[in-house]
Amino acid sequence: MRALCWHGKQDIRCDTVPDPKIEHPRDAIIKVTSCAICGSDLHLYDNFMPGMENGDIMGHETMGIVEEVGSEVTNLKKGDRVVIPFTIFCGECDQCRRGNFSVCERSNRNKSLADKVFGHTTAGLFGYTHLTGGYPGGQAEYLRVPFADKTHIKVPLGVPDETLLFLSDIFPTGWQAAVQCDIQPDDTVAIWGCGPVGQFAIRSALLLGAKQVIAIDRVPERLAMAEAGGATTIDFSKDSVVERLNELTRGKGPEKCIDAVGMEAHATATIDSMYDRAKQAVMLETDRPHVLREMMYVCRPAGVLSIPGVYGGLLDKVPFGMAMNKGLTFRMGQTHVNRWTDDLLRRIEMGQIDPSFVITHTVGLQDGPNMYKTFRDKLDGCIKVVLKP
Amino acid sequence: MSRTRGSNQALALAQGLGWFSIALGVAEVLAPHRVTRATGLHGHERLVSSYGVREIVTGIGLLTAKDPTPWVWGRVGGDALDLGTLAAGVAGPQRERSGVAFLMTLGIAALDVACALALRRPLPAAMASFRRRSGLPKPPGAMRGAASDFVVPADFRTPEALRPLNEKAG
Ligand SMILES: NC(=O)c1ccc[n+]([C@@H]2O[C@H](COP(=O)([O-])OP(=O)(O)OC[C@H]3O[C@@H](n4cnc5c(N)ncnc54)[C@H](O)[C@@H]3O)[C@@H](O)[C@H]2O)c1
Ligand SMILES: [Zn+2]
Ligand SMILES: [Zn+2]
């Protein structure tokens with residue numbers, strides 16, 4: 001089959017690789033009908049996440065038709081239509097029973113490595129680093145799904161792929177980001193980053209009843225899309241984020257802040273972000289926590305910082321004393337996708353939201369490598385890419 | 001469509017053009033005779049110093065504006081004026097000097113156009129299409145709280161002591 005494979009920094013190729021096979025009785029094989037490129041894939045593309053190996057298959061936002069199931073998968077059959085969550089989970093361990101699927105204790109097949117690096121393992125993820133199991137991803141014609149009896153979302157026929165695909169990651173991720181804020185009717189929610197995750201966080205915060213949603217980015221079309229979702233916008237390349245946020249909250253700061261940017265925050269003309277760039281260049285620091293610092297500074301005391309943005313390793317010059325003294329609450333993590341998807345699928349079917357609004361590009365798998373660049377550099381108005389294998 | 005890596009270089013070029021505008025403008029204002037001599041426009045000193053004022057204003061605009069794009073297009077317009085004036089010079093007695101100046105201005109005009117294009121933003125039509133991508137069935141204002149039937153799970157609730165006082169009202 002054909003698949004998009006990682007070959008090093010900014011080197012993704014559409015290769016021919018062996019078809020996946022059932023390896024375990026709880027596996028299923030999916031024929032992929034649609035998959036997408038995620039902002040998290042860009043961290044791998046730019047080689048900021050450790051633990052990738054030459055030839056790894058990319059992709060963790062996938063849907064398709066069940067092709068084959070292992071002997072222990074009794075709740076799926078050939079021909080079922082499924083969306084595959086990016087977090088692989090067993091459904092039985094202590095964490096899964098609590099709904100903390102992204103920290104499933106059993107789905108990471110490189111558990112001992114993860115135990116060493118993270119202290120304790122987290123869940124296996126598709127198309128991500130070997131720290132999270134190194135499972136082949138879904139930017140391919142076929143995908144092997146481990147723990148498939150749990151790791152799937154059954155979806156109805158008759159709704160287009162485009163409307164359902166993002167149940168795999170970015171819709172529940174934006175939703176969890178807003179849920180982590182425990183939004184109250186008087187809240188101002190400030191959201192850094194108007195990429196796909198930020199767009200869904202904006203709409204989730206609105207649907208959950210936030211009084212005011214403020215979105216921050218510098219890419220004009222992403223800001224326009226944020227406004228369409230009901231956000232007041234700040235262009236950080238033109239205005240001071242801290243000043244504008246204080247103005248919009250009568251000097252008090254937003255109660256809730258969401259970091260939908262992560263470790264590759266762009267350098268604004270601030271000293272701290274230039275410092276990050278320099279340190280990252282000489283490998284003294286892995287991540288650029290400019291957004292985190294800004295959130296800690298501007299958030300109202302006793303407020304909540306919700307962090308769906310991905311960080312990989314060490315962060316420097318994080319003003320932790322400020323956060324401690326202000327009594328901030330931090331909520332973060334990879335998304336517990338299946339914890340939310342039944343409810344979100346129902347909301348899609350009720351017509352509360354149609355997630356396909358975010359798609360700007362649809363191409364074949366062979367054009368995937370070019371699309372990584374287009375998406376990363378925000379060329380051609382690109383916000384979300386869907387691939388059709 | 002949007003600002004890209006390449007457009008950072010365009011921003012640097014726009015700055016360079018700003019300094020160039022100011023330098024040329026100052027020369028045109030302070031020493032119009034020298035400029036007309038060099039370009040074969042003898043007798044047009046007042047016109048040249050008025051062009052100098054235009055150059056200085058454009059230069060300041062380029063260096064201080066948050067978005068230099070309109071100012072770069074302003075330069076392109078100014079280039080057209082200069083070229084027209086020099087073309088008249090080519091028809092005059094000092095055609096060689098005017099001709100050389102014409103060609104140099106043409107080169108600079110090409111640079112200005114290239115800079116303006118590199119700074120290009122999404123076309124208004126394209127931007128309008130992003131403004132329509134809400135994903136919501138009704139205007140955002142009408143969708144606020146549409147999902148308030150959602151019950152935040154206990155492990156996602158803010159610690160009781162940190163909740164705002166006015167929550168009971170909501
Ligand atoms: N927690 C999860 O489970 C999960 C799931 C999916 C994605 N993510 C992460 O969420 C983040 C966003 O993903 P995406 O797909 O939207 O990516 P994206 O790269 O398309 O979006 C990031 C946006 O942030 C903007 N940005 C950069 N620097 C900024 C700054 N200083 N201030 C404000 N905005 C800034 C960029 O212009 C861009 O529009 C990534 O880190 C991704 O890895 C997390
Ligand atoms: Zn993702
Ligand atoms: Zn588990």
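**Ligand 1 and the zinc site of chain A**

Good morning. The residues of the shell around ligand 1 divide into 16 nonpolar, 13 polar and four charged; here Ala, Val, Leu, Ile, Met, Phe, Trp, Tyr, Cys and Pro count as nonpolar, Asp, Glu, Lys and Arg as charged, and the others, Gly among them, as polar. This is a predicted model, in which local features need pLDDT of at least 70, side-chain atom pairs count only at pLDDT 80 or more, and totals for chains, interfaces and linings use all residues. Residues are numbered from 1 along each chain as its sequence is written, and side-chain values use heavy atoms, with hydrogens and water left out.

Which residues come nearest to ligand 1? They are A:Ser40, A:His43, A:Asp217, A:Pro308 and A:Thr335, out of the 33 around this ligand, where near means a heavy atom within 4 Å.

Let us turn to the backbone. A backbone N or O atom of A:His266 lies 2.9 Å from a nitrogen atom of ligand 1, and one of A:Gly333 lies 3.0 Å from a nitrogen atom of this ligand. The protein covers 97% of the 860 Å² of accessible area that ligand 1 has on its own, computed by the Shrake-Rupley method with a 1.4 Å probe.

Now the metal. The zinc ion, ligand 2, is coordinated by A:Cys38 (SG), A:His60 (NE2) and A:Asp169 (OD), at 1.8 to 2.3 Å; donors are N, O and S atoms within 2.8 Å of the metal (3.2 Å for Na, K and Ca), and sites may look incomplete because water is not among the atoms. In sequence, the spacing of these donor residues is C-x21-H-x108-D.

Is A:Cys38 buried or exposed? A:Cys38 counts as buried, at 3% relative accessibility, and A:Asp169 is buried at 4%; buried means under 20% relative accessible area, exposed over 50%, and partly exposed in between (1.4 Å probe, protein chains only). Thank you.

Methods
Chains are lettered from A and ligands numbered from 1 in the order in which they are written. A polar contact is a pair of N or O atoms within 3.5 Å; within protein, one must be able to donate a hydrogen and the other to accept it, and residues adjacent in sequence count only if both atoms are side-chain atoms.
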